[in-house]
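Biologist: Could you walk me through this model and tell me what stands behind each label?

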Amino acid sequence: MSQAMQKLVKQHIECDDQLNRVEAALQKGDMASAGRNFRLFNEQLEDHFRLEEERLFPAFEQATGMSNGPTVVMRNEHAEIRALRDEAYAAIEASQPEQALAAIDTLNVLIQQHNVKEENVLYPMCGGSIPHLAAVLGFGGGCGGACSCAAAAKEAAA
Ligand SMILES: [Fe+2]
Ligand SMILES: [Fe+2]
């Protein structure tokens, strides 16, 4: 697996860890900590989703010509995850730990199913089809100067 893909997988793990902190706070009935940790989770999730939606998916669609394939499914799943995230956050804001934990249970399942598809199917397809993946994702480093990564990064940022 390339370094760029490893970074994406690491973001999945970081989001999982952060959501676990929310659950732990809810189980202790610490609503302030749950809210704080949930907002951090939300920032990490949105950063990751935006990286996929604004950089990875368009690059995949452009490289493969598949604009009506797996990326459509992934975007739809992001929408489902966001809807459930809103539900969980509303329950936290309303100081309803039981409802929040129930929503987070389902949220966890959706996220795991989504991540497995990305890690086992979409990311390997991206790795095989997108030139200069690290640069496209803004991770820098590129291929060590032997190729046109810098130009690809500029193009992706434009
Ligand atoms: Fe995703
Ligand atoms: Fe992802």
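Here is our conversation about the helices, their packing and a few single residues.

Modeller: This is a predicted model, in which local features need pLDDT of at least 70 and side-chain atom pairs count only at pLDDT 80 or more, while totals for chains, interfaces and linings use all residues. Residues are numbered from 1 along each chain as its sequence is written, and chains are lettered from A and ligands numbered from 1 in the order in which they are written.

Biologist: What makes up the pattern of the protein along the sequence?

Modeller: The pattern reads α-α-α-α-α-α, with six helices and zero strands. Helices (H or I, at least four residues) and strands (E, at least two) are DSSP runs, numbered from the N terminus.

Biologist: How do you know that the span of H3 agrees with what is expected?

Modeller: The expected span of a helix is 1.5 Å times one less than its number of residues. H3 has 24 residues and should therefore span 34 Å, and its end C-alpha atoms are indeed 34 Å apart. Helix H2 (residues 31–64) has 34 residues and reaches 46 Å from first C-alpha to last, close to the 50 Å expected.

Biologist: Where does H2 bend, and by how much?

Modeller: At glutamate 52, by about 35°. The bend is the angle between axes fitted to the seven residues ending there and the seven starting there. Glutamate 52 is also one of the buried residues of H2, a list including Phe38, Leu45 and Phe60.

Biologist: Why are H2 and H3 called roughly antiparallel?

Modeller: Their axes come within 11 Å and cross at roughly 165°. Axes are lines fitted to C-alpha atoms, for helices over the stretch in contact, and angles run from 0 to 180 degrees between N-to-C directions. Angles under 35 degrees count as roughly parallel, over 145 as roughly antiparallel, 65 to 115 as roughly perpendicular and the rest as oblique. H2 and H3 are therefore roughly antiparallel to each other.

Biologist: Which residues make the contact between H2 and H3?

Modeller: Among them are Ala34, Phe38, Leu45, Phe57 and Phe60 of H2, and Thr71, Met74, Arg85, Tyr89 and Ile92 of H3. Two residues are in contact if their C-beta atoms, placed from the backbone, lie within 7 Å.

Biologist: Why is histidine 132 called buried?

Modeller: A residue is buried if 20 or more other C-beta atoms lie within 10 Å of its own, exposed if 12 or fewer, and partly exposed in between, with C-beta atoms placed from the backbone. Histidine 132 has 20 such neighbours, so it counts as buried. This residue lies in the loop between H4 and H5 and has a positive phi of about 60° although it is not a glycine.

Biologist: Is serine 95 buried or exposed, and how do you know?

Modeller: Serine 95 has 12 C-beta neighbours inside 10 Å, so it counts as exposed. Serine 95 lies in the loop between H3 and H4, and its phi is positive too, about 55°, although it is not a glycine.

Biologist: What makes glutamine 112 exposed?

Modeller: Glutamine 112 has 12 other C-beta atoms within 10 Å, so it is exposed. Glutamine 112 sits in helix H4; it is 96 residues from aspartate 16 in sequence and 8.8 Å from it in space, C-alpha to C-alpha.

Biologist: What share of the protein is buried?

Modeller: Buried residues make up 28% of the 158 residues.
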